[in-house]
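Biologist: I'm new to this one, so could you take me through a single part of it in detail? I'd like to hear about the salt bridges and what sits around them.

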Amino acid sequence: MADLWRAHPWLKRNVGTLTARHAQAMEFQTLGRVMVDPARLTTAVVEPTKPMSAAVNDITIANHIKVRGLDPDWARAIARGRRPPVQIDALADIADPI
């Protein structure tokens, strides 16, 4: 859990659905809990994604869970002047440990 509090970028991606069956198949394990501050999250994520498309098309959240650095496509797009995805520099920017 301590590693999650270190400064490293958290990138906003598209949302997805997570059925109980799929969550069980993904075998998530609880690492700990955090209290996300809604005001700080709203400040960090100015343009939240809309879940309607993912829900209607049953696009799973598994398509968007990644633990890695900025991918080469985004790095090139940013170099060309495209605005990067919303980034939170550290979990502490939006949450407090419980």
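To get my bearings, how many helices and strands does the protein have? And then, which residues are linked in a network of salt bridges?

Modeller: Happy to. Keep in mind that this is a predicted model. The protein has 5 helices and 4 strands, and if you read along the sequence they follow the pattern α-β-α-β-α-α-α-β-β. On confidence, the average pLDDT is 78, and 86% of the residues score at least 70. Strand S2, residues 34-36, comes out highest with a mean of 90, while S1 is lowest with a mean of 72.

Now for your part. Searching the whole structure turns up 3 salt bridges, and the network you asked about links Asp37, Arg40 and Asp96. Some background first: side chains of opposite charge can pair when their charged atoms come close.

Start with Arg40, since it takes part in two of the pairs described here. Its side chain meets that of Asp37 in a salt bridge, at 3.9 Å from N to O. For a salt bridge the cut-off is 4 Å, so that pair falls within it. Arg40 also meets the side chain of Asp96, and there the N to O distance is 3.1 Å. Asp96 belongs to strand S4 (residues 95-97) and Arg40 to helix H3 (residues 38-44), so this pair ties together parts that are 56 residues apart in sequence.

Are these residues tucked away or out in the open? Partly exposed is the label for each: Arg40 has a relative accessibility of 24%, Asp37 has a relative accessible area of 26%, and for Asp96 the figure is 36%.

Next, look at Ile94, because it brings us back to the network: leaving out residues up to four places away in sequence, Ile94 touches both Asp37 and Arg40, along with Met35, Val36, Leu41, Ala44 and Ile88. Ile94 is also part of the largest nonpolar core, which has 5 residues in all: Val45, Ile88, Leu91, Ile94 and Ala95. As a general point, in soluble globular proteins nonpolar side chains tend to be buried together. Here, buried residues make up 14% of the 98 residues in the protein. The protein exposes about 7,700 Å², with carbon and sulfur atoms supplying 58% of that.

The link between Asp96 and Arg40 spans a long stretch of sequence, at 56 residues. Contacts across the protein give some context: among those between residues at least 6 apart in sequence, 89% join residues at least 24 apart.

For contrast, there is the salt bridge between Arg76 and Asp73, where the side chains meet at 2.5 Å, N to O. Those two are 3 residues apart in helix H5 (residues 72-79), so about one helical turn separates them. Arg76 is partly exposed, with a relative accessible area of 42%, whereas Asp73 counts as exposed at 53%.

To put it together, Arg40 in helix H3 pairs with Asp96 in strand S4 and also with Asp37, while Ile94 touches Asp37 and Arg40 and belongs to the largest nonpolar core.

Note on methods: Residues are numbered from 1 along each chain as its sequence is written. This is a predicted model: local features need pLDDT of at least 70, side-chain atom pairs count only at pLDDT 80 or more; totals for chains, interfaces and linings use all residues. Side-chain values use heavy atoms; hydrogens and water are left out. pLDDT is the predictor's confidence in each residue, from 0 to 100. Buried means under 20% relative accessible area, exposed over 50%, partly exposed in between (1.4 Å probe, protein chains only). Contact means heavy atoms within 4.5 Å. Accessible areas come from the Shrake-Rupley method with a 1.4 Å probe; for residues, only the protein chains shown count as cover. A nonpolar core is a set of buried Ala, Val, Leu, Ile, Met, Phe, Trp, Tyr and Cys residues joined through side-chain atoms within 4.5 Å.
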